[in-house]
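Here's a quick briefing to read alongside the structure. Take a look at it first, then work through the points below.

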Amino acid sequence: MEDEFSAAGISIDVIDRITDTIENYDSLPSDDVIVVLNEALNVIRELLRMLDAE
């Protein structure tokens, strides 16, 4: 199992959240979908910064 604070662990968490949002899209308020996608983009942006720092 990946360390939850590693890039891989964070990536898996983001993928899981996006997958869950897509699977439940019809039952979620649009505001919740926007929040999840915005958070995912922020995490992806931070992961890219982590890669650039290496």
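The protein exposes about 4,500 Å², and 57% of that area comes from carbon and sulfur atoms. Keep in mind that this is a predicted model. Buried residues make up just 13% of the 54 residues.

**Overall build**

- You'll find two helices in the protein and zero strands.
- Helix 1 covers residues 7–23, while helix 2 takes in residues 30–53.
- Measure along the principal axes in your head, and the C-alpha atoms fill a box of roughly 40 × 25 × 10 Å.
- The radius of gyration is 13 Å, whereas a compact globule of 54 residues would have one near 10 Å.

**A nonpolar patch**

- L41, I44, L48 and L51 together make a nonpolar patch of about 380 Å² on the surface.
- One of these residues, L48, sits in helix 2.
- Why does L48 count as partly exposed? Its relative accessible area is 48%, and the partly exposed class runs between the buried limit of 20% and the exposed limit of 50%.

**A negative patch**

- On the surface, D13, D16, D20 and E23 gather into a patch of negative charge.
- Where is D20? Look in helix 1 for D20.
- D20 has 44% relative accessibility, so this residue is classed as partly exposed too.

**Putting the patches side by side**

- The nonpolar patch includes L48, a residue of helix 2, and the negative patch includes D20, a residue of helix 1.

Terms used: Residues are numbered from 1 along each chain as its sequence is written. This is a predicted model: local features need pLDDT of at least 70, side-chain atom pairs count only at pLDDT 80 or more; totals for chains, interfaces and linings use all residues. Side-chain values use heavy atoms; hydrogens and water are left out. Patches are made of residues with over 30% relative accessible area and no salt bridge: like charges are joined within 9 Å, nonpolar side chains (Val, Leu, Ile, Met, Phe, Trp, Tyr) within 5 Å. Accessible areas come from the Shrake-Rupley method with a 1.4 Å probe; for residues, only the protein chains shown count as cover. A salt bridge is a side-chain nitrogen of Lys or Arg within 4 Å of a carboxyl oxygen of Asp or Glu. Helices (H or I, at least four residues) and strands (E, at least two) are DSSP runs, numbered from the N terminus. Buried means under 20% relative accessible area, exposed over 50%, partly exposed in between (1.4 Å probe, protein chains only). Lys and Arg count as positive and Asp and Glu as negative; His and the chain ends are not counted. The place of a charge is taken as NZ of Lys, CZ of Arg, CG of Asp or CD of Glu. The radius of gyration is taken over C-alpha atoms; the globule rule is 2.2 Å times the number of residues to the power 0.38.
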